[in-house]
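Thanks for coming. I will go through one structure this morning, a few places in turn.

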Amino acid sequence: MKNIFTTALLFLLFVGPSIAEPLMSPTSYSKDLYKESILDGNYLSTIENPSKFLDFNYGERVASPAQISSAILSWSKQSNRLKVVEYAKSHEGRPLYAIFISSPENIANLESIKLNINKLSDARNLNDRDAKSLINSLPAVAWMAYSIHGNETSGADAALGIIYHLIASKDPEVTNMLSNMVIVIDPMMNPDGRDRFAKSLEQFRGTSPNYDDQSLLHTGDWPYGRTNHYYFDLNRDWLYLTQPETRGRVALINEWRPQILVDGHEMGAQDTFMTGPPREPINKNIDKNLIKWGNKFANDQANEFDKRGWRFYTGEWHEDLYPGYSFYVQFRGTLGILYEQSRMSEDGVRRPEGTIQSYKEAVHHQYISTLANLKTLQRNSYQMYLDYWDGRKLNVSKNGKYANQTFVILPTDNHGRLNALVSKLEAQDVEIYRNTKVLTVQSALKQTGELVEDFIIPKGSLIIPNRQPEAPLIAAILEFDADIDESVLLEERQANLRDGSSIMYDTTAFNFTMMFGLSAVTVPENLSNNLESWTPFPSSIEINEDAVMWAVNAEDDRSVAFAARLMEKNINVRIIDKDAVLSSHALSRGSVAVLAMDNLNHKDLIDDIREIATDLDISLVSIESGFGTKELPDWGGRHFLLLQKPQIAILSHADFSSYDVGVTWWSIDQYLGIRHSQLNSSMAEYADLRRYNTIVMPSGYADLNGSKKEALMTWVAQGGTLIAHNRSSRLIASSKDFGNVKLLQNTFENSLDYNFDLLKEMAASENTINKAKTLAHGINLDINYPWESSNTQMSEKELQNRDKWQSIFMPSGSMVAGRVDQKHWLSFGTPSTLPILYANFPILMTHDKTEAVVRIGELISNDEIKDFRMINWSSIPPGKDLNVRMSGLVWPEAAQRIANSAYLTRERIGRGQIILFAGEPNFRGSTRGTNRLWLNALIYGAGLGASAKINL
Ligand SMILES: [Zn+2]
């Protein structure tokens, strides 16, 4: 009855033209563009066809994450050829699946297959004969993974078909393949990004198909579907492991050590299809055998494309220096294979030759590539295992390339950061030790490139001998410099000079210790004595309820979170801004103290302190007396500064880099877990900014003129702390009247003033003085003034010319040495020399009342130098030298250009302040050294650098 009634009603609704005016139907449909059928096998009727789970025919449109998940879960009940493993949940709660597909016999045997692969991987416990017999027993193992960039959709749709084809096919070709192979399909590596993009396809769709790759349907909208929930590029996270998707995936891949790993992407819509081994630069720690096999796979795949008349290419822009892509597996002996299919979105794309390439064809390309690679592996698995075994032997051999090299991280009280680094290395099966005695070694290479003789390694250092099973990966991520061929340098220089292009695809520096801002050395020998296995530092939380205060040490990054979380509970917190010793506990400058006297009205103070310290796993001491011996700070003096609870907003949306917005947002959630708001930046001029005392401007492209600028300036002058990154810092520094920090190119007419202040700052950090000369009675006429003793002061014209030339060579992601003001509150927990990831950033200049907390260049002693020497606008005093490059490609011209410029500035404006980072301090969630400077700015800024608001 009910149905009839509904039908009748609908009929009534749609009969009259005056009631409903339907949209016009299109003149053609994009599903009719491509007639080939993708799934062309003989299939079991007991397995449901993929189209059953979709509201369209398989391959014609983009399957949503929910549709893909539902197919996988249904198939897991319908077939005994597969086993589904949920290896992670995304931030938004979507499951990530690895689908193990093989013969039912192999599926029942997965654990023992995995065990045997791992036996083969440690050549310290296996001889050649046993290795060969293991290899004979092993099935081939392939890892096929797709769509890590959520808006590169065709891979996941191909994967859906591949799973079906493999579990449903009755063809002997497929069943044979499954008896010899374990195929792992990771169909959708970034479900949150894919969901965002799939949603935008729904939202931007009209009635007619759209073949214009510039339209919103194709491009999507800010923050785009490429990245995950926090706008992280998951294909740069394979080593840094900051995101749950990657952590789960890497753990499973590393357990399985597949022979190949396919990573299916998409690229520009007007491109064709790219695969095959990379071109130079190729990281020197990759086994040459893998390049050989890469060519073999590419060749077979190319044959399949030729047969169908599909265009493709290999190499070209595909290089492989940076080890943090999915290709990290190559350092562990797995062949990485990249697919790059041109992006067709859903409808298809019109190309210059007039044809329209359909989405279904894009899916077909990924599908055929997958089958081709699986067949090549099936044929060559045995030989590849033999090569793998040779590589594993070399890694642990006494005569191999990695035999005599050890990486040492020097002891630090920053246990939080060190523990984090260790967990990332352990995830890669790196074996880590601690020395139980002081070790003296003949020589050691420091991070700044200096080779020190008779180096003493303090007891308790973190020791990683390179001679161990994962040797190539260890070298790739811990060697201070990746070796780059001279021919590559030449080609890069020519490209820079010809048209400003680059042959480098990612950063040229990436070693873990510099990224983490931890001091380390490389020792050219295999350290093996007086070592014990590394264990993480436990925290010790000592709470005496009758103490006058409780404190955590500033050396540990988590001290900032301790302060932030306490303040969010409205507990008063102080910073001790000078090294202190209280009740015989040594506390370094920037340590966080909670005083009982400050919090008399706070109920459960002790419980809150204990709970927060325990959550953070940070050591805490109780202090019974506020008396600091001798000159050290006492609790009633001026070194116990009251903090202000930060009330934070992040300016966000389309004017800003989604990566930098995302990592800013993530850094607060990851490290602090305190409330904050993301503001649509278009609201900045009419929102009530008084709700916030701290505003972050991530790297942006916005124009900072008119009322928006006015609103922010007023807010700063009234006590706000404005923190800007990279492009936003450029905007502020180039904007008239918005503070006094300037861009280098706008300072040449006053270069002498800038140098004057720089020399004053350098002189202030001198720690020796000649008493006799100082106190002489006669007038001293031998004083050296830089502008007199150097005749090389450059004219404005010369500075301009140099700048124009030098700016051609700016780095694209290298490590340079930061020189850190050790008396500034922004540098709590930071050593005097800090590695900084540097790229084409604005070059910030300070003088007069603008402070440079971190400058580029480590100032070192060199007694042979007797005169002042000029580098562009600045000079180096006699007896000094400047180290700039730490790792990666920094052209000498670029080093000159950035030398002595500021990386981090701070300036008081009215009752507030502006803090500028030349770069992006939280890059990829992995530059922990500069992240600490940023956390200090974010949490301590409102209390230490701005005037407190007094609520009457
Ligand atoms: Zn991609």
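**A serine, a threonine, a zinc site and the cavities**

Let me start with Ser-735, which counts as buried because its relative accessibility is 9%, under the 20% cut-off. Before going on, please note that this is a predicted model.

Where is Ser-735? The residue sits in the loop that joins α21 (726–734) to β31 (742–743). Setting aside neighbours within four places in sequence, Ser-735 makes contact with Leu-704 and Lys-709. For a distance across the model, take Leu-160: Ser-735 is 575 residues from Leu-160 in sequence, and their C-alpha atoms are 52 Å apart in space.

Next, another loop residue. Thr-927 is found between β42 (912–917) and α27 (928–944). Is Thr-927 buried or exposed? With a relative accessible area of 4%, Thr-927 is buried, since the cut-off for that is under 20%. If residues up to four places away in sequence are not counted, Thr-927 touches Met-515, Leu-837, Glu-920, Pro-921 and Asn-922. There is also Thr-513, which is 414 residues from Thr-927 along the chain, with 9.6 Å between the two C-alpha atoms.

Now the metal. Which protein atoms are the donors of the zinc ion? They are ND1 of His-149, OE of Glu-152, listed twice, and ND1 of His-265, at 2.0 to 2.6 Å from the ion. Along the chain, the donors follow the spacing H-x2-E-x112-H. The angles among the four donor atoms run from 54 to 153° and the site is irregular. That is because a tetrahedral site would need all angles between 85 and 135 degrees, and a square planar one would need opposite donors over 155 degrees apart. As for burial, His-149 is buried at 3% relative accessibility, and Glu-152 is buried with a relative accessible area of 6%.

Last, the empty space inside. How many cavities of 30 Å³ or more are there? The count is eight. The largest cavity has a volume of about 80 Å³. It is lined by 16 residues, and those closest to its centre are Gly-276, Pro-277, Gly-294, Leu-335 and Gly-336. Two elements, α11 (288–308) and β10 (335–342), give two or more residues to this lining. The largest share comes from α11, with six residues. By class, the lining of the largest cavity has nine nonpolar and seven polar residues, and no charged ones.

That is what I have; questions are welcome.

Technical notes: Residues are numbered from 1 along each chain as its sequence is written. This is a predicted model: local features need pLDDT of at least 70, side-chain atom pairs count only at pLDDT 80 or more; totals for chains, interfaces and linings use all residues. Side-chain values use heavy atoms; hydrogens and water are left out. Donors are N, O and S atoms within 2.8 Å of the metal (3.2 Å for Na, K and Ca); water is not among the atoms, so sites may look incomplete. Four donors count as tetrahedral if all angles lie between 85 and 135 degrees; four count as square planar and six as octahedral if opposite donors are over 155 degrees apart and all others between 65 and 115; anything else is irregular. Buried means under 20% relative accessible area, exposed over 50%, partly exposed in between (1.4 Å probe, protein chains only). On a 1 Å grid over the protein atoms alone, a cavity is a set of points where a 1.4 Å probe fits but cannot get out, and a pocket is an open set with protein on both sides within 12 Å along at least five of seven lines; lining residues have an atom within 4 Å of a point. Grid points are joined across faces, edges and corners, and a volume is the space filled by probe spheres set on the points. Helices (H or I, at least four residues) and strands (E, at least two) are DSSP runs, numbered from the N terminus. Ala, Val, Leu, Ile, Met, Phe, Trp, Tyr, Cys and Pro count as nonpolar, Asp, Glu, Lys and Arg as charged, and the others, Gly among them, as polar. Contact means heavy atoms within 4.5 Å.
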